[in-house]
Amino acid sequence: MTSLNVVVNNPIELSAPPSLHFENVEFSAFGHRLFGPCSFALDGAGPTMVMGPNGAGKSLMLRLAHGLLAPTAGQVTWSGQGRPRQAMVFQTPVLLRRSALANLKHALAVNKVPRASRTELAREALARFGLSASADTPARVLSGGEKQRLALARAWALSPSILFLDEPTSALDPAAIKEVEAAVREFHEQGTRIVMTTHDLHQARRLAGDVLFLAGGSVQEHSPADIFFDKPVSRQAQAFISGELVA
Amino acid sequence: MEENAFYVALSLLVNFDASLYQIVTLSLQVSLLAVLIAAILGFPLGAAVALWQFPGRGGVIVALNALMGLPPVVAGLGVYLLLSRAGPLGEWGLLFTPTAMVIAQVVLVLPILAALSRQKVEELLGEYQEQFVSLGMSRARMMPTLLWDARFALLTVLLAGFGRASAEVGAVMMVGGNIDGVTRVMTTAIVLETSKGALPLALGLGIVLLTLVMAINATAYILSETAKRRMG
């Protein structure tokens, strides 16, 4: 039922995005180990879908990878020199109390884009995500779908080589979900590494190039999407997939 | 009829009583300037306390909160000692000038603006922090963004500061001296007229003061409500 709309990674290799490596990464808080120790590498074409039940550590893994949280042991490294440009789209978009355009200009200003080109770049990003008409609308009165598109436009304007998305569609209606997924594909096709958490199996099938399956704070399985969905190796992944399909 | 306070207030106003207008103008000048200076110092101070973790931060927060209730006469006494001839800043000859009154009111208003803006900025930071870190913003870079995004809340904070400044009498009395035509403001004039027994005039001045404060608050309220509704 889902094989129709599986979009397996189109093997268009533009400039390969930097790869991400977790080396014995652990995260503990208040004496409890919440994540790891885990080692894995995201170096395939992607997009990488991070899946797993609630509390599996998906969001934690994303935050550790993005640098919002520092691992308490081990390290997160990137291929290439320095920290690549990256952006993150959150489950609930965090937007400033200003117009949609001003939100983008702020992000560009923070990233030291020269003042003269900010407005043009911001308008371009708004246009790309179908928000041109809302440029002067206060960001916080936009609809849920528009807010998430604005968050994506903001990420786009920063031209990241890695984009993290944390359950970006969990609060959206089907039309808005479709738009977000299209945007994710577009990022991917432009050569941005996508690392996205979701617990929607159908969405994962539509988008995934590879799947990183977490349970209990550690990686249970990391396989190409077709293998993961057809013949998951780990018991937890089998249970997760069949559970979802039965439900 | 002439003894009615409302009548006195009204006649002072409609007759453009020169000394009344001078008193009102000076009151506004002193308090608005004090609030402006306190805002320039206090908002960044409040935001800094919200943003940075440092040893003794808890103590600073407690001190700022406590100083919101600083008795005006104590602030007045402190500024008096500082500016009096024998004091460390005595050479400047500022005692019994409007400048001294501004300084005293800055001392009173600054803790209010800093303490309340600290709260507002901290709330906002809780909401924005992950996005800010994701954008690679330093704490120093977060400050202007947070202060701007808290602007509607800070307008209310500003009003609280202005209310404190325009209403207090102890500090301006002590460092200003209530000199007719030089440092006499509404509150000190009311104290003087009351002690002279000129109650209708005192009440009239009181009504003018109250009306002014109401007008300023109403304007700010309407401004911020309209803006809030527009910005979501």
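Colleague: How many residues does the contact take from chain A and from chain B?

Modeller: This is a predicted model, and the count refers to residues of chain A and chain B in contact with each other. Two residues are in contact if their C-beta atoms lie within 7 Å. On that basis the contact takes 14 residues from chain A and 15 residues from chain B.

Colleague: Which element gives the most to the side of chain A that touches chain B?

Modeller: S5 and H2 of chain A are the elements that give two or more residues to this side. The one that gives the most does so with three residues, and that is H2(A).

Colleague: Are H2(A) and H4(A) roughly parallel or roughly antiparallel to each other?

Modeller: Helix H2 of chain A covers residues 100-110 and helix H4 of chain A covers residues 144-157. Their axes come within 9 Å and cross at roughly 30 degrees. Angles under 35 degrees count as roughly parallel. H2(A) and H4(A) are therefore roughly parallel.

Colleague: Which residues in H4(A) meet H2(A)?

Modeller: The crossing of H2(A) and H4(A) is right-handed. From H2(A), the residues in the contact are Ala100(A), Asn103(A), Leu104(A), Ala107(A) and Leu108(A). In H4(A) they meet Leu150(A), Ala153(A), Arg154(A) and Ala157(A).

Colleague: Which residue in S6(A) is the bridge partner of Gln86(A)?

Modeller: Gln86(A) belongs to strand S5 of chain A, residues 86-89, and points one way together with Met88(A). Ala87(A) and Val89(A) point the other way, and all of these residues are buried. S5(A) runs parallel to strand S6 of chain A, residues 162-166, and four bridges join them. In S6(A), the partner of Gln86(A) is Ile162(A).

Colleague: Which are the edge strands of the open sheet with the order S2-S1-S4 in chain A?

Modeller: The sheet has three strands, with antiparallel pairing. Its neighbouring strands are turned by 20 degrees against each other on average, direction ignored. An edge strand here pairs on one side only, which holds for S2(A), residues 32-42, and S4(A), residues 73-78. The edge strands are S2(A) and S4(A).

Colleague: Which residue in S4(A) stands opposite Glu23(A)?

Modeller: Strand S1 of chain A, residues 20-29, pairs with S4(A) in the antiparallel sense over five bridges. Opposite Glu23(A), in S4(A), stands Gln75(A).

Colleague: Does Asn24(A) count as buried or exposed?

Modeller: Asn24(A) lies in strand S1 of chain A. Its phi is positive, about 50 degrees, although Asn24(A) is not a glycine. The cut-off for an exposed residue is 12 or fewer C-beta neighbours within 10 Å. Asn24(A) has 12 inside that distance, so it counts as exposed.

Colleague: Where is the place of Asn178(B)?

Modeller: Phi of Asn178(B) is near 55 degrees, a positive value in a residue other than glycine. With 18 C-beta neighbours inside 10 Å, Asn178(B) counts as partly exposed. Its place is in the loop between helix H8 (170-176) and helix H9 (186-196) of chain B.

Colleague: What is the radius of gyration of chain A?

Modeller: The secondary structure of chain A comes to eight helices and nine strands. The globule rule gives 18 Å for 247 residues, and the radius of gyration of chain A is close to that, so chain A is as compact as a globular protein of that length. The value for chain A is 18 Å.

Note on methods. Residues are numbered from 1 along each chain as its sequence is written. Chains are lettered from A and ligands numbered from 1 in the order in which they are written. This is a predicted model: local features need pLDDT of at least 70, side-chain atom pairs count only at pLDDT 80 or more; totals for chains, interfaces and linings use all residues. A residue is buried if 20 or more other C-beta atoms lie within 10 Å of its own, exposed if 12 or fewer, and partly exposed in between; C-beta atoms are placed from the backbone. Two strands pair if DSSP finds at least two bridges between them. Axes are lines fitted to C-alpha atoms, for helices over the stretch in contact, and angles run from 0 to 180 degrees between N-to-C directions. The radius of gyration is taken over C-alpha atoms; the globule rule is 2.2 Å times the number of residues to the power 0.38. Angles under 35 degrees count as roughly parallel, over 145 as roughly antiparallel, 65 to 115 as roughly perpendicular and the rest as oblique. A crossing is left-handed if the near helix is turned anticlockwise from the far one by less than a right angle, and right-handed if clockwise.
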